[in-house]
Each structure stands twice: as structure tokens, then as C-alpha cells.
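These are notes on the model, set out as numbered points. Please read them alongside the sequence and the coordinates.

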Amino acid sequence: MKKHIKIYLTGAVQGVGFRPFVYNLAKRLNLKGYVINDTYGVIIEIEGNEENINKFLISLQTEKPPLAHIFSQEIEELPLVGFKDFEIRKSEEKGKKEVFILPDISTCEECLKELNDFKNRRYRYPFINCTNCGPRFSIIEKLPYDRQNTTMKKFKMCSECKKEYNDPTDRRFHAQPNACPICGPYISLYTSNKKFVSEKEQALKDTVNLLKQGKILAVKGIGGFHLVCDATNDKAIKNLRERKRRGEKPFAVMFKDIEQIKEYTDISSFEEAIILSPEKPIVVVKSKERTDLSKEIAPYLDRIGVFLPYSPLHNLLLNDFGKPLVMTSANLSDEPIVKDNEEAFEKLSIFTDYILTHNRDIKNRVDDSVVRIIDKKISFIRRSRGYAPLPIKLPFNLNKKALAVGGHQKNTIAIGFDDKAFLSQHIGDLETVDACRNFEEVIYSFFKLYDFEPEVVITDLHPRYYSTQWAKDFSLEKNIPLIQIQHHYAHALSLMAENQIKDEPIFAVCWDGTGYGEDGNLWGGEFLITDYKGYKRVCHFDYFKLIGGEKAVKEPRRVALSMLYEVFGENLPDVPTIKAFREKEIKLLYKTWKKGLNSPLSSSVGRLFDAVSSILDIKQILSYEGQSGMIMENFYSWNIKDFYSFEITETVNWKPTFQEILEDKSDLSVKVSKFINTLAHIVIETYKLYGKGLKLGLSGGVFQNKPLTEKIIRLAEEEGIKVLTHNKVPANDGGLSLGQLVYSNI
Ligand code: ZN
Ligand code: ZN
Ligand code: FE
């Protein structure tokens, strides 16, 4: 029996070798017809023997190229037309743009083989790629994804590249960034004050020598520049910290291969799988104690962020250099990662000795993604390169085309239509003019890429967030409605959306550093019952005063002092917190505290971590946000099951816990473990009081703490409680835009 069917596929099916795959499959099964890219995805018409058509449909799913993600498939049966052959038809540009833009994907095995094969014409060529790998999102200007719409348009393919590009059986068929040493981009090395040093192969040799001398280089990568230096050279790293004014914030380290990572760290097989995945994120793993890796990389921490080379240039550099390299985003603090050559000379000359750049422009800046494994699942700290801008599937359709602008820290934005949310790459803290400009740029680039015009804009409740102000102006300018949503409620909704929760309410524990509350206080230790229509704040941590407001966020000693005043009044016990101040300050701050001058009220569990780290003398002044909790993780021991007292009514009273920690004479590890266990028990007990029968959700930056989250999950398992965690978007404010987006249906 002969049949003719038309197949509509949507998903990430362009620029991944999908059409040649279909072509070869159809040829193999002797089917006639065509395949064409359209703005929805791919359309295929095939005619032939029914049995072969069925085989075709199965192979479409089981043999598809590794990077293709099919989101939906529709099949329509049509009358026979008598196709003569099977062909790949040229796409026309029309209709609405719904095709997915692929993230940048690390160099594939086959390209790596060619890169290291001295007989290959792309031997040691730093821009080798194919239909299965290479840059995508970072070079695209608009859809459809064709070379003319990427930053590769300025390079005219040589005859050999052209041949590959036009041959459906070649593994570079329609690989848009296809290039070779004859016709493609190349690297050049400059001094930081823009004096040309060398180019191509010589530039690589010189770069490796400079790294060996302990120099700091800026190296242009896929989504921006990195600052790079020898990861075993204390002096170089100290130097980098000073120049970058980076304090104690850990640096990521790139290793030449997985074996080398294993020499330096203890990784589980699941961590290994994520490190090796085509997305090549930075994975935070346990470092081994005695290695030649500089202790300056991650001060106070027993973990480091590791990753593998993801571009051909990284592969060449790491292999030639041999040792691990520090690779950190090249930016001034709180500014976006530098992506353009001119910008690099302008802004990076103060950090670097040399700049290794190239002439393929970066259109969209994308930072490296950072993940860690919590409860044997992937947990995003930053969802960016390799993942963005692939959509997150929503549990329902959005009524309107919506734009969500995220929060203030770790900002991401999202646009949504139908049942899809497109979260942007990491934008960062909106603290500087450049960061705010980048925020706007990303929004407009998403509009352009997806031919998108929002019908509603959603933002945080905080009146002073830049994102809120921008959203207000935007809604006025475009005359579209503005919706504001409470910060922790948005955290909960993002958790519900990514977990495909539809109609049922959940019991959401939302703990973070800070978020603006409905009462004007700084929330952050919240227990909410939420659904998509609204929320009820059923319980929260008792408020305490943050002496000095913003200052208290950076100084755990101020939070601890405030809590000590709360418990003991002026007769303070002898604790390390006191010694962290001068006597005069203590008196002065008491007055400030008592009068409540510039001392906003907060219920933040993030701040509670800070306070405990101060009374235990772990950290009195933070170098970066979340540092106290991160250091405390070092001391956690699963052997300790004990916990401190607490009291739950309409609020959680932290005073008994605080007092018992002060009285506890055990060693630090015991105290830290008991404190973390206490928080876990508070979650379970509060759930029993207020959330019985519901699913228990964990959202907010505090749940990036691995022992805390895993402890809660274990306790919940014992009680038969179903726990929801974040595995698709960050638990921190990087996930807020998703929660905001799904609130647009209100
Ligand atoms: Zn490849
Ligand atoms: Zn070429
Ligand atoms: Fe938050």
C-alpha cells in the first residue's frame, strides 16, 4: 500500500544536521518527497510504501541527531501526488518566528579528532565546527538560522567549505559557522595596550609561553572573554584577584580532560556525566586536599568549579599548556562579560598583560553556566551558555504574550507564549549602568529573535529595583498592563511551573537573602501556600533588625549583634561577634538598633546563616553574597543527627536556637551540622502544622546549600512527604522570571 503523509515537527531541529539526517533516512527507505525548514521547525512530506513510512517515523525519533530536540510532532495524511525523488528544499523567510534557537554546543568528538589530525585540512584550526557542534546562540542576529543572519556572514566560504556546506551527505551540510584556515576567522595576540604580537599558530605558541611565565591573559571565547592564568601559580592568581578586585570569590578552573579533573577532585559518576555533557557547564565538585592547585582559587572552600574545554581554541590551549587554567568571566565587578574586541582593549587592559582575540564577532554575550549536583539531580546556580535560550515547557498555555523582567540580582528575563517560557542567559546584578544597558539589550534581542511583542509585562514588587522601574516605563510606553508580583511568591511559582504543577496548591518554603514583602519588610524566611492565583503567607521567621540596612547584608557581625541585642539587651555574652567590633561601635550600634534607625526588619534565613557564621567566628565580613553558608557547608557532617530547639507558632522563633548555639561547647563541625539540621526540622515541622497533604516545595537561594536541601529531602522521605526542587532553573533569583511569567494568566 502506498501512502503520502506530511509531518510537522517543532523543536530544536535547525542547525543540528536534521535535514541531512531526514534526507539520508528517506533515501535508505526509498521514500520520495522533501524536507524543508520553516519558522515552526521542520516540515517533511513523504510518499511510499506504508511499512517504510512507519519505519521512517520510528527512526525519526530513535536515530535523530544528538542535538535535535523534538517538542511536538503532527502528522497529516494526504492524497498521493507522485513525488519523483527526495530533496532538501530551500527555506523561505515568512510567517511567525517560532523556531528554537539552539544554545552554543561544545566541540564534538569527530571535530576534535580532525583538530588533532595533522593530515586534516583543519589541523589545529581554532574554529573547527560541524552540524553537531559549534557556536549558535552567541553568533545569531535573527532567524532563520542561516549564515547570512549570523556574525559569520562576513567570511566568504572557500570552494572546499562551500562543497561541504552544500553536500547533504557531508557532516558539515548547512553548518552555518563552517570555516577553515583558508576562509574563516583566525586568532591574534596583542599586548594589553593594543600592540600586535602575533597571529594564528604563532599566537597560540606565544600565549602558552606567556601563561607559563605567570602572565594574565584575556582570551576571547564563545560568549565573551575570559581572564586566564595558570591555576597552579599562587602569585598569578593573587595578582588577578587584586586587579579584578574580586575579594575571595572562587574562580572556575578549566582542565584538559576528565582524567585531569579526577586527579584534582573527587567526583561521582553523575558529576562526571554532567561535566562531559555537550553543554559543558562549570560543575562545583569536591576538591582533593593535596594537589598543586593554588589555594587562592577558592579560599575557605573545599569545593571548586571545574569544566572542560568547550571550544576548539580551549582544547588547543589546554592541551599545549598541559596544566589546569583559571578561566573567569572577563568583566569589572557587576558589569556584563566583555564580548567585543574594542571593548576588550578599553576595559580589560587594566587586568591583563596580553589579549588573545579573534575576528569572529559575538552577537549575544553568554556567560558560562554553573551547576552542582544536589540529591543526585542537576541544580543550576547559573543557567546560561549551553542551555539558554532553549525554552522551558509550561504546564499550561499562557493567555497572553508575556515579558517578565526578573529581579535585581542574578537577573534573567523571560518571554513566553503558548506553553513555552524562553529564559534569557544570565544577565547579572543590575548594579551598574552597563549592567542595566545589557539588561535592555537582552530584552530587545529576544524581541527581535522571536519577532515578539509582549501584551503584558510582569515585574517584582520592589519599588526601587531597576527592573521594576524599567517595566513601569515600558508598560506606559507600549500601553500594556503591568503586573507586579511578590518576590517569594514568584520563587514558588517558578518551582511549580518547572515541575509541571497544574491545579493543586503547594506548601512552598521560600528562603533567600532578601525580597520585598507586602508589608514593606525584607522577607526571606517564608512559608507560603501557593497556587497560580495567589498565595497565603502561613508562617515566617520572626523579624530581626538589619543594623545599617545594606551594610548588614555584607557584615554578618551586624546581623549577629542585632540578634544578640534582641536576646540579651545590653548585657551581651562574650562571643566572637563582639570582638569583631570596637567597644565604641558596640555602644553606638546599640542605640541605632534600639531606635531602629536605618534598621529595616527582616525574616531572611540567608541573614540567619550570616548571623550564625558570626557567632561561630566563621566569617564576620563577607567578600561575596552567600559566602557564610558556603563555608559552613565544609563543616557539615552527616553523622550528626542532633538539632537545636525551635518554636513554631504563627512565626518561627529563632531565639531558642540562637541561645543554644551560644551555649554549645562542642566543636565547630557539630555546631554547624546541628544548626543546618535545625533548619531542616523547622521545614518539616512547619509543613506538618500548615501544609499537610500538599507537596513540599523548596525555592530561593538558600536551597543551593547542598547539605540543607539533602537533609530536608531525607527527613521528608521518612515522613512520606513529596518534595519539589529546582532542576531546570536556578533556585536563586535567576529563576524569578519564570515564576513571574506564569503569573501573567491572572
Ligand atoms: Zn563537530
Ligand atoms: Zn574554507
Ligand atoms: Fe530571592
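1. The model is predicted. The points below take up two metal sites, several salt bridges and one sheet.

2. The zinc ion (ligand 1) is held by C108, C111, C130 and C133, each through SG, at 2.3 Å. Along the chain these donors follow the spacing C-x2-C-x18-C-x2-C. Angles of 104 to 116 degrees among the four donor atoms make the site tetrahedral, since the criterion asks that all angles lie between 85 and 135 degrees.

3. C111 and C133 link distant parts of the chain at the zinc ion (ligand 1). C111 belongs to helix 3 (residues 109–115), whereas C133 is in the loop between helix 3 and helix 4 (159–166), 22 residues apart. C111 has a relative accessibility of 0% and is therefore buried. C133 is also at 0% and counts as buried. The cut-off for buried is under 20% relative accessible area.

4. For the zinc ion (ligand 2), the protein donors are the SG atoms of C158, C161, C180 and C183, lying 2.2 to 2.3 Å from the ion. The donor spacing along the chain is C-x2-C-x18-C-x2-C. The four donor atoms subtend angles of 105 to 117 degrees, so the arrangement around the zinc ion (ligand 2) is tetrahedral. Of these cysteines, C180 is buried at a relative accessible area of 0%, and C183 is buried at 10%.

5. Side chains of opposite charge can pair when their charged atoms come close. The whole structure holds 48 salt bridges by a full search. One of them joins R365 to E343, with 3.3 Å between the closest N and O atoms. The pair connects distant parts of the chain: R365 sits in the loop between strand 15 (354–358) and strand 16 (370–374), and E343 in helix 10 (residues 341–347), 22 residues apart. Are the two partners buried or exposed? R365 is buried, with a relative accessible area of 10%, and E343 is buried, with 15%.

6. Another salt bridge is formed by D519 and R537, whose closest N and O atoms are 3.8 Å apart. D519 lies in the loop between strand 24 (506–516) and strand 25 (522–530), and R537 in strand 26 (residues 535–541), so the pair ties together parts that are 18 residues apart in sequence. D519 is partly exposed, at 39% relative accessibility. R537 is partly exposed as well, at 22%.

7. E710 and K706 form a salt bridge within helix 22 (residues 706–719). Their closest N and O atoms are 3.4 Å apart, and the two residues are four apart in the chain, about one turn of the helix. E710 counts as buried at 14% relative accessibility, whereas K706 is partly exposed at 23%. A separate item is a network: K286, D302, R303, R372 and E633 are joined by salt bridges that share partners.

8. Which strand order does the open sheet of five strands have? The order is 4-1-3-2-5, with mixed pairing. Strand 4 (69–77) and strand 5 (86–88) are at the edges; each has a single partner strand, so one side of each is left without a neighbour in the sheet. On average, neighbouring strands are turned by 15 degrees against each other, direction ignored.

9. Strand 4 pairs with strand 1 (residues 2–12) in the antiparallel sense, over eight bridges. Within this part of the sheet, K6 has E76 of strand 4 as its bridge partner.

10. Two helices are placed against these strands. Helix 1 (residues 18–28) lies across strand 1, strand 2 (32–38), strand 3 (41–49), strand 4 and strand 5, and runs at about 175 degrees to strand 5. Helix 2 (residues 50–62) packs on the sheet and touches strand 1, strand 3 and strand 4. The direction of helix 2 makes about 150 degrees with that of strand 3.

Technical notes
Residues are numbered from 1 along each chain as its sequence is written. Chains are lettered from A and ligands numbered from 1 in the order in which they are written. This is a predicted model: local features need pLDDT of at least 70, side-chain atom pairs count only at pLDDT 80 or more; totals for chains, interfaces and linings use all residues. Side-chain values use heavy atoms; hydrogens and water are left out. Donors are N, O and S atoms within 2.8 Å of the metal (3.2 Å for Na, K and Ca); water is not among the atoms, so sites may look incomplete. Four donors count as tetrahedral if all angles lie between 85 and 135 degrees; four count as square planar and six as octahedral if opposite donors are over 155 degrees apart and all others between 65 and 115; anything else is irregular. Buried means under 20% relative accessible area, exposed over 50%, partly exposed in between (1.4 Å probe, protein chains only). A salt bridge is a side-chain nitrogen of Lys or Arg within 4 Å of a carboxyl oxygen of Asp or Glu. Two strands pair if DSSP finds at least two bridges between them. Axes are lines fitted to C-alpha atoms, for helices over the stretch in contact, and angles run from 0 to 180 degrees between N-to-C directions. Contact means heavy atoms within 4.5 Å.
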